Amino acid sequence: MHLQTEAIVLRATKYSESDVILNVYTQKYGKIGVYAKNARRLKSPLMSSAQVFAHSNMMISTYDGRFRLSKSELINNNYNITAEFERINLGYYYLQFVEKIGQEGEVNLKLFNLLKSALEALQQNNNYFLQKITFDMKVIDIFGYKPVVDRCAACQKFNDIGNLADISSGGRICAAWGARVSFLGLG
């Protein structure tokens, strides 16, 4: 049986001198492990798609519940991510985050699209703090939590919003509510 899907390489583990095992997050099948025979050889057509951060259209063969990469067409290698330490650090944060929360074989199209767009944005934008916050907030939204950020989550007032947050209230809180939470020993 052959599966065809877009995939992003989360991790590449050397298996032998020329083979590699890829943990990929796919558009249609979620997170899966794929064996890529001879992908580390210089003349291998799979080499460019078997790199971390690579976004490819993959043809995967299945047998006995195992996945083997048979053909791959590179869409974006996301190579510019490796140009700076801060950029590669944030890129690995994205990949590891998705690898940890993505369940084996569980499809989440919103998470796949978020990862794809976050890696593309990371190549062009240098505001890493804003990109990380945006990614984190979108992940929270994907999983059904909507933190309150435009007003006090406890009293719903729009004025005097500080840099305080209260998990039990569900978002940012004002200074007055922050003092109350601290006084009660809840903060």
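A polar contact is a pair of N or O atoms within 3.5 Å; within protein, one atom must be able to donate a hydrogen and the other to accept it. With that in mind, select aspartate 136 and lysine 132: their side chains make such a contact, at 2.7 Å. The model on display is a predicted one.

**First stop: helix H3**

Aspartate 136 belongs to helix H3, which covers residues 128-142. Because its relative accessible area is 15%, under the limit of 20%, aspartate 136 counts as buried.

Next, select phenylalanine 135, which is also placed in helix H3. Phenylalanine 135 has a relative accessibility of 2% and is therefore classed as buried. Leaving aside neighbours within four places in sequence, display what surrounds phenylalanine 135: the residues in contact with it are Tyr93, Tyr94, Phe97, Val98, Leu114 and Ala118. For a sense of distance, add valine 52, whose C-alpha atom lies 19 Å from that of phenylalanine 135, with their positions 83 residues apart in sequence.

**Second stop: the nonpolar cores**

Phenylalanine 135 leads to the largest nonpolar core, a set of 19 residues. Select Tyr94, Leu95, Val98, Leu115, Leu119 and Phe135, the members with the most contacts inside this core. Two or more residues come from each of strand E1 (2-14), helix H1 (85-101), helix H2 (109-124) and H3. Helix H2 is the greatest contributor, giving 7 residues.

Now centre the view on leucine 119. Not counting residues up to four places away in sequence, leucine 119 touches Ile8, Phe53, Asn78, Ile81, Gly91, Tyr94 and Leu95. Another core lies apart from the largest one; it has 16 residues, including Val9, Ala36, Ala50 and Leu69.

**Third stop: helix H1**

Select H1 as a whole. Its 17 residues should span 24 Å at 1.5 Å a residue, and the C-alpha atoms at its ends are 24 Å apart, so the two values agree. Colour its buried residues, which are Arg87, Leu90, Gly91, Tyr94, Leu95, Val98 and Glu99. These buried residues pack against E1, strand E2 (20-26), strand E3 (30-36), H2 and H3.

**Fourth stop: the paired strands**

Show strands E1 and E4 (residues 55-63) together: they run antiparallel and are joined by 7 bridges. One place to look is glutamate 6, whose bridge partner in E4 is asparagine 57.

Then add strand E5 (residues 66-76), which runs antiparallel to E4 and is joined to it by 9 bridges. Here serine 61 stands opposite arginine 68 in E5. E4 and E5 form a hairpin with 2 residues between them. In that turn, select aspartate 64, which has a positive phi of about 50 degrees.

**Fifth stop: the salt bridges**

Where do charged side chains meet? The whole structure contains 4 salt bridges. Return to glutamate 6, which forms one of them with lysine 116; the closest N and O atoms are 3.9 Å apart. This pair links distant parts of the chain, since glutamate 6 is in strand E1 and lysine 116 is in helix H2, 110 residues apart. Lysine 116 is partly exposed, at 22% relative accessibility.

Select arginine 11 and glutamate 99 next; in this salt bridge the closest N and O atoms are 2.4 Å apart. Again distant parts of the chain are linked: arginine 11 is in strand E1 and glutamate 99 in helix H1, 88 residues apart. Arginine 11 is partly exposed, with a relative accessibility of 39%, whereas glutamate 99 is buried, with a relative accessible area of 13%.

A further salt bridge joins the side chains of glutamate 84 and arginine 87, at 3.7 Å from N to O. Glutamate 84 is partly exposed, at 31% relative accessible area, while arginine 87 is buried, at 7%.

**Last stop: two asparagines in loops**

Select asparagine 38, in the loop between E3 and E4. Although asparagine 38 is not a glycine, its phi is positive, at about 60 degrees. Asparagine 38 is partly exposed, with a relative accessible area of 26%.

Finish at asparagine 78, which lies in the loop between E5 and H1. Asparagine 78 also has a positive phi, near 50 degrees, in a residue other than glycine. Is asparagine 78 buried or exposed? With a relative accessibility of 2%, asparagine 78 counts as buried. Asparagine 78 is also among the residues touched by leucine 119.

Conventions: Residues are numbered from 1 along each chain as its sequence is written. This is a predicted model: local features need pLDDT of at least 70, side-chain atom pairs count only at pLDDT 80 or more; totals for chains, interfaces and linings use all residues. Side-chain values use heavy atoms; hydrogens and water are left out. Helices (H or I, at least four residues) and strands (E, at least two) are DSSP runs, numbered from the N terminus. Buried means under 20% relative accessible area, exposed over 50%, partly exposed in between (1.4 Å probe, protein chains only). A nonpolar core is a set of buried Ala, Val, Leu, Ile, Met, Phe, Trp, Tyr and Cys residues joined through side-chain atoms within 4.5 Å. Contact means heavy atoms within 4.5 Å. Two strands pair if DSSP finds at least two bridges between them. The expected span of a helix is 1.5 Å times one less than its number of residues.
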